[in-house]
Amino acid sequence: MPKGYSNKDGKPLINPQARKGKVPWNKDKKLPPLSKKWKDNIGKANKGHLVSKGKRIKIGNKHRGKIISIELRNKIKRGMKGKHNSPSTEFKKGEHKGENHWLWKGGQKPYKHPNSSEYKQWRSQVFKRDNYICQFCEATKIYVVPHHIKGWTNYPKLRYKINNGITLCRPCHKLTIRKEAQFEEICLFKLLAKD
Ligand SMILES: [Zn+2]
């Protein structure tokens, strides 16, 4: 006897024979199609209700590869109009870009070295001191770049000081970009070790 069909004494709760031939009351019966009001009420009740992650994946899988007709797409478009998106989408739309961003500081000009003779002289002096060798990986016979230990933008007075320059290869110089402060100590240490 299947579980749940007997009481404590082992007697069946329902006599299986008694049900034989009887048609269940709900056989072939269907709920009437939901009215608009009813659908709206269901929508209201589900509003703000979080769908679990497993269920979300299931829903996603069910809809995968489904082709949405143009009419339906336009309908969704109309429904979405004026609605707020997730923060990441808001960023993509560019509402917080550039001047509208809270970290905007008036716009900095891109970092570019001048082609002045002063700069060229500083560069060749740094290279000569370091023998055109990358001071990080000690690579030779490579394309070298001069690196400002104290940044070009923040330390205008140190721009053409030879002690503020170090020879690096291109890959090593790439490592220092946006991490100038971190590499400052390493560069100074390398220069001290030379003397
Ligand atoms: Zn290197």
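Which residues make up the largest nonpolar core? In this predicted model, that core has 12 residues in all: Trp122, Val126, Cys134, Phe136, Val144, Ile149, Ile166, Leu168, Cys169, Cys172, Phe183 and Cys187. Three elements each supply at least two of the core residues, namely α6 (117-129), β2 (165-169) and α8 (180-194). The largest share, 3 residues, comes from β2. To pick out one member, take Cys187: leaving aside neighbours within four places in sequence, Cys187 is in contact with Ile149 and Ile166.

Now step back to the whole chain. Its secondary structure comes to 8 helices and 2 strands. Reading from the N terminus, the elements go α-α-α-α-α-α-β-β-α-α. Out of 195 residues in the chain, buried ones make up 10%. As for who touches whom, take the contacts with a separation of 6 or more: 58% of them are between residues 24 or more positions apart.

The two strands are a good place to look next. β1 (144-148) and β2 run antiparallel, and 5 bridges join them. His148 has Gly165 as its bridge partner in β2, while Pro146 stands opposite Thr167 in β2.

Is β1 largely enclosed or largely open? β1 is largely enclosed by the rest of the structure, because 4 of its 5 residues are buried. β2 is mostly covered too, with 5 of its 5 residues buried. In a regular strand the side chains alternate between the two faces of the sheet. Here is how that looks in β2: Gly165, Thr167 and Cys169 point one way, Ile166 and Leu168 point the other way, and all of them are buried. Of these, Ile166, Leu168 and Cys169 are also listed in the core.

The helices offer a contrast in cover. Helix α3 (residues 53-63) is hardly covered, as the count of buried residues among its 11 residues is 0. After α3 comes Gly65, with a positive phi near 80°.

Then there is α6, one of the elements that feed the core. α6 has 13 residues and reaches 18 Å from its first C-alpha to its last, which is close to the 18 Å expected at 1.5 Å a residue. Trp122 and Val126 belong to the core and sit within the range of α6 (117-129). An α-helix has 3.6 residues a turn, so residues three or four places apart point the same way.

What follows α6 is worth a look for its backbone angles. Most residues other than glycine have a negative phi, and most peptide bonds are trans. A few residues have a positive phi instead, including those in this table:

| Residue | Phi | Place |
|---|---|---|
| Asn131 | about 60° | just after α6 |
| Tyr132 | near 60° | loop between α6 and β1 |
| Glu138 | about 60° | loop between α6 and β1 |
| Gly65 | near 80° | after α3 |

Which of exposed or partly exposed fits Tyr132? Tyr132 is partly exposed, because its count of other C-beta atoms within 10 Å is 17, and a residue needs 20 or more to be buried. Glu138 lies in the loop between α6 and β1 as well. Glu138 counts as exposed because it has 9 C-beta neighbours inside 10 Å, where the cut-off for exposed is 12 or fewer.

To put the picture together: the strands β1 and β2 pair antiparallel, β2 gives the core its largest share, and α6 and α8 each supply at least two residues of that core. Helix α3, by contrast, has a buried count of 0.

Methods: Residues numbered from 1 in each chain as written. Predicted model: local features only at pLDDT ≥ 70, side-chain atom pairs only at ≥ 80, totals over all residues. Core = buried A, V, L, I, M, F, W, Y, C linked by C-beta atoms within 7 Å. Contact = placed C-beta atoms within 7 Å. Pairing = 2+ DSSP bridges. Expected span 1.5 Å × (residues − 1).
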